[in-house]
Each structure stands twice: as C-alpha cells, then as structure tokens.
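This report introduces one protein chain to a reader who has not met it before. The sequence and the structure are shown first, and the description follows.

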Amino acid sequence: MWSPNPDTYPNSKISKNAPTSSLPRIQSSLLRKQKIEGSMKLIIAGATGLLGAEIVRQSLQIPEITQVVVLAHQTVHLDESIDSSKVRSVVIHGYGEYPDNVKVEFAGADACIWTVALTPLQPGFDFAEVKRICQDYTKLGFEAMCEAGPARPFRFIYLSAEGTPEDPTKDPVILPDFFIMRRNTELMVQRFPTEKEGVEVCIARPGVIANSTTWSRALVANLFRIVNRFGRTLPNIQRSELAAAVLNQVMDGFEKKTLLNADLVRLGRRELKLRSTPRF
Ligand SMILES: NC(=O)c1ccc[n+]([C@@H]2O[C@H](COP(=O)([O-])OP(=O)(O)OC[C@H]3O[C@@H](n4cnc5c(N)ncnc54)[C@H](OP(=O)(O)O)[C@@H]3O)[C@@H](O)[C@H]2O)c1
C-alpha cells in the first residue's frame, strides 16, 4: 500500500511509514527496504518509446514494483537477460480504445507513468493527429484506468516538456500551437484529481533527453555532452536519470505538482545512488 507525499497532498491520509523527501538518504533506503513487503502495480504507457523502454528496464530491477503493465501499440521487446516474470504486456491499437480485456489488466494499479506523445518535427504535420495522440489519448487512457478500479491513492505522472509555457495566454515562439496544446494538456491532467477521488497527479517537464538510440539522437547526445562541459546551459537530462526520477516519484510520492528539468536531474541521480546502496 502506497502513501501520498504530505507536502504535495497535505489532505491525504499517510501511514506512519510514509517517506518524506527531507529524509537522509540512508533512512530513505531503510524505508524503501521496509516497503519491499508491500506490492506495487505500475502501468507504463508508451513502453516502446525512448523513455518508456528505459522505465520498463529499470522497473524490472526494482523489487518494490511487483507488477508491471507494459502498455504499447506494438510488441515490446524485453531484455532477455533480465527476469521479466512480473511483466504483463498489453498491446492496443492506438491509445483511444480500451476493451474490457485491457481494463482487466489495469485493475488495482497503484500508478501510471504516461509517456505517449508525438513531437511534430516534420513540416506539414497534421495538428489534429498530434493533438489526438498528446491530449485525447492521455484523457482516454486515464479514464480507462479509473474505470478499471485502481488502488487508492492512484498516482499518475504525465510527461510534458520543458519550454511548455506557464501562462497559456502567452504564445510560445517555437511551435506555438503545439506548445499551447501541451500546456492545455497539463491543465487537463491537473484537473484529474478534482474529477476522480484518490487520484494524485504530477507533471514532469524534462529538457532534451540526451541519449542515443538512433543516428539522429546520437548526434544530439554528442552535442549535449559538449554543452554539458560548460554547465547545463540548455536543459537536458540523461535517459537513465529521467526514468529513475519518475519511478522514484511514483514510488515515494510526488514532491511537487510540476517537476522541472533540474528537479528531475536531482531526483534521478538521488534515486540511482539510493539503488546502488547495499541493502541489508
Ligand atoms: N525525447 C526528448 O528529448 C524529450 C524531451 C522533452 C520531453 N519529452 C517528452 O517525454 C515523453 C517521452 O518522450 P520519448 O522521446 O520517449 O518519446 P517517443 O520515443 O517519441 O514516443 C513516446 C511513445 O509515444 C508513442 N507514439 C508516438 N506516436 C504514436 C502514434 N501515432 N500512435 C501511437 N503511439 C504513438 C510511441 O510509440 P512508438 O515507439 O511505437 O512510435 C512511444 O511509445 C514525451 O511526452 C515527450 O514529449 C521528450
């Protein structure tokens, strides 16, 4: 059974074992150890993506996460060297429809990490399609999880992006329609707890994920490696840090309602360090 972070959700009931972000690392490690006896069911939406695949990989190595629902629109290939016995692979045709056999898999989930999105980098993209993937699917996916009967609290973390405007009335310079739509999606997600009882939400706004899985991403990764030597002037984050940060937040409770790139780097590094601490 998972407990809400009292700083973010002061009205939530918390167990006496609930961790807080101010706890020293070693104490936090002990609390994490105590929770191994509990069980956590996590849904990872967009599991084929750059980030989603890394979240899946790391979740398989975390003992506190006992069930992983890997949600994708095509088959996810898991690393055969890692025990994947706690994975339920759910393949859907797009993220807009959730038949009963899919909802059954969602039942009792403690949390969802939602990474599904499409960034319109090619000219002449169909904005209606991008909005459907980034915004409509998020709502439909969330509603299907609620209909399935999740645990309480049910934590939902939505991956947005640094650069999304705070003020929806101000037009962003780059891709204004896209970023306004993403801001509206953030606002939509922030309303979820008012619509469904026992739901906690968080918006993660990473900068560029500086890792290579394709040729073009390798180019970007190298560029950021150079920029990083002069300080993180352009917000960016390692894929492993970002995956660790969002996993940390669904396990330990949301530290803030919106996590910026700097928050995610800090949380990710702390989580990776915590995991490398020997458990007794
Ligand atoms: N990558 C970055 O540098 C970066 C920076 C800031 C924020 N973010 C945000 O972080 C999140 C994850 O990013 P990412 O780089 O991991 O994204 P990604 O690899 O491009 O894709 C994320 C997921 O969305 C799915 N998807 C995309 N188009 C779809 C469609 N038409 N129908 C169904 N599914 C579709 C992908 O499925 P397929 O794999 O099958 O295409 C994938 O599972 C996104 O919200 C993104 O905006 C990313």
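Which residue stands opposite Val-199 in β6? The residue is Phe-154. The model in which this pair is found is a predicted one.

**Overall architecture**

The chain contains eight helices and nine strands. Of its 280 residues, 36% count as buried. Among contacts in the chain with a separation of 6 or more, 67% are accounted for by residues 24 or more positions apart.

**The sheet**

Seven strands make up an open sheet with parallel pairing, in the order β3-β2-β1-β4-β5-β6-β9. Strands β3 (87-91) and β9 (258-260) stand at its edges; each has a single partner strand, so one side of each is left without a neighbour in the sheet. From one strand to the next, the twist averages 15°. Strand β5 (residues 154-159) runs parallel to β6, and six bridges join the two.

Two helices lie across strands of this sheet. Helix α5 (residues 176-195) lies across β5 and β6, at about 155° to β6. Helix α7 lies across β1 (40-45), β4 (111-114), β5 and β6, and runs at about 160° to β5.

**Two buried residues**

Val-201 belongs to strand β6 (residues 199-205), whereas Ala-245 belongs to helix α7 (residues 239-252). Val-201 counts as buried because 23 C-beta neighbours lie inside 10 Å, and a residue needs 20 or more to be placed in that class. Ala-245 counts as buried because 26 such neighbours lie inside 10 Å. The table pairs each residue with a partner that is distant along the chain.

| Residue | Partner | Separation in sequence | C-alpha to C-alpha distance |
|---|---|---|---|
| Val-201 | Val-189 | 12 residues | 7.0 Å |
| Ala-245 | Leu-264 | 19 residues | 5.6 Å |

Apart from neighbours within four places in sequence, Val-201 is in contact with Phe-156, Tyr-158, Val-189, Gln-190, Phe-192 and Pro-193. With the same neighbours left aside, Ala-245 is in contact with Leu-264, Leu-267, Gly-268 and Glu-271.

**The ligand shell**

The ligand is surrounded by 22 residues, of which the closest are Gly-46, Thr-48, Gly-49, Leu-51 and Ala-117. Two elements, α2 (50-59) and β7 (208-209), give two or more residues to this shell. The largest share, three residues, comes from α2. By class, the shell has 13 nonpolar and nine polar residues, and no charged residues.

Note on methods
Residues numbered from 1 in each chain as written. Predicted model: local features only at pLDDT ≥ 70, side-chain atom pairs only at ≥ 80, totals over all residues. Helix = DSSP H or I, 4+ residues; strand = E, 2+ residues; numbered from the N terminus. Buried ≥ 20, exposed ≤ 12 C-beta atoms within 10 Å, placed from the backbone. Contact = placed C-beta atoms within 7 Å. Near = placed C-beta within 6 Å. Nonpolar A, V, L, I, M, F, W, Y, C, P; charged D, E, K, R; others polar. Pairing = 2+ DSSP bridges. Axes fitted to C-alpha atoms, helices over the stretch in contact; angles between N-to-C directions.
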